[in-house]
Amino acid sequence: MGAGERTGGPERSRAQGASAVRRGGPERPRVRLDQPRVPRRTFLPEYDPEAFGRLSEKIARFLGTGRFIVWMTVIVIVWIGWNVTVPGRLRFDEYPFIFLTLALSLQASYAAPLILLAQNRQADRDRVTHEQDRKQNERSIADTEYLTREIAALRLGLGEVATRDWIRSELEDLLRDLELRRMIDAESDERDR
């Protein structure tokens, strides 16, 4: 028995190539490129980025209004007024107002990223709009250049075409020539007599 006839040895693997090594292991299912992948199961919650982006834009739009500033001012005034004027056992945030500071910090820590996300989405929309405008301007310039060339060609072509005014001037010239000939013929007839 020769070295090539042994089964399962390294010589056989080398003799038959890399595919022989895979045969010894468990079979993997073939990946089909013409079909979409089966989604993996995940334990993390899934969300729609577009829906989240739209929500962040609505929140950012509200945070930039006067209504938000008025409501925020009213809430802070009521908060401080309540914790200063009511009896001690009904107060939930004493004088340094640490809970109010924490609430405002939490609101600011969520507002800043939401505003940035809304600005990024707006920048993406602006970039797409500017790209479309640039392409439209290029098409308009190309159309204008084409029409300019066509008008120039028409002007050159019209230079060779007989216009109504040109025909009238030619006919007037012919009439003058005919009248001159008649006058010359009439004078020559008078001399001949």
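The following legends describe close-up views of a predicted model.

**View 1. Overall fold of the protein chain.** The protein chain contains six helices and zero strands. Read along the sequence, its elements follow the pattern α-α-α-α-α-α. Of its 193 residues, 9% count as buried. Among contacts with a separation of 6 or more, 50% are made by residues 24 or more positions apart.

**View 2. Helix α3 and its buried side.** Helix α3 comprises residues 49-63, and its end C-alpha atoms are 21 Å apart. This distance agrees with expectation, because 15 residues at 1.5 Å a residue should span 21 Å. The buried residues of α3 are G53, S56, E57, A60 and L63. They cover an arc of only 125° around the axis, and therefore lie on the same side of the helix. K58 and R61, on the other side of α3, are exposed. The cover over the buried residues of α3 includes α4 and α5, the latter formed by residues 98-160.

**View 3. Helix α5 and its packing partners.** The end C-alpha atoms of α5 are 92 Å apart. For the 63 residues of this helix, a rise of 1.5 Å a residue should give a span of 93 Å, and the two values agree. L100, A111, L114, A118 and R121 are buried in α5. The buried residues of this helix pack against α3 and α4. The packing thus appears from both sides in these views, since α5 is also among the elements that cover the buried residues of α3.

**View 4. Surroundings of M72 in helix α4.** M72 lies in helix α4, which runs over residues 66-85. Leaving out residues up to four places away in sequence, M72 touches L104 and Q107. M72 and L104 are 32 residues apart along the chain, and their C-alpha atoms are separated by 9.5 Å.

**View 5. F68 and Q107 at the meeting of helices.** F68 is a residue of helix α4, whereas Q107 is found in helix α5. F68 counts as buried because its relative accessibility is 17%, under the 20% limit for that class. Apart from neighbours within four places in sequence, F68 is in contact with F62, L63 and Q107. Q107 has a relative accessibility of 28% and so counts as partly exposed. With residues up to four places away in sequence set aside, Q107 touches L63, F68 and M72. L63, which appears in the contacts of F68 and in those of Q107, is one of the buried residues of α3.

**View 6. F97 in the loop before α5.** F97 lies in the loop between α4 and α5. Its phi is positive, at about 50°, although F97 is not a glycine. F97 is buried, because its relative accessible area is 12%, and the class requires a value under 20%.

**View 7. The second largest pocket.** Rolling a probe the size of a water molecule over the atoms shows where empty space is left. About 170 Å³ of space lies in the second largest pocket. Its lining consists of R30, V31, R32, L33, Q35, P36, R37 and V38. By class, this lining has four nonpolar, one polar and three charged residues.

Notes
Residues numbered from 1 in each chain as written. Predicted model: local features only at pLDDT ≥ 70, side-chain atom pairs only at ≥ 80, totals over all residues. Heavy atoms only, no water. Helix = DSSP H or I, 4+ residues; strand = E, 2+ residues; numbered from the N terminus. Contact = heavy atoms within 4.5 Å. Expected span 1.5 Å × (residues − 1). Buried < 20%, exposed > 50% of the residue type's maximum accessible area, 1.4 Å probe, protein only. Arc of directions from axis to C-beta. 1 Å grid on protein atoms, 1.4 Å probe; cavity = no way out; pocket = protein on both sides within 12 Å on 5 of 7 lines; lining within 4 Å. Points joined across faces, edges and corners; volume = space filled by probe spheres on them. Nonpolar A, V, L, I, M, F, W, Y, C, P; charged D, E, K, R; others polar.
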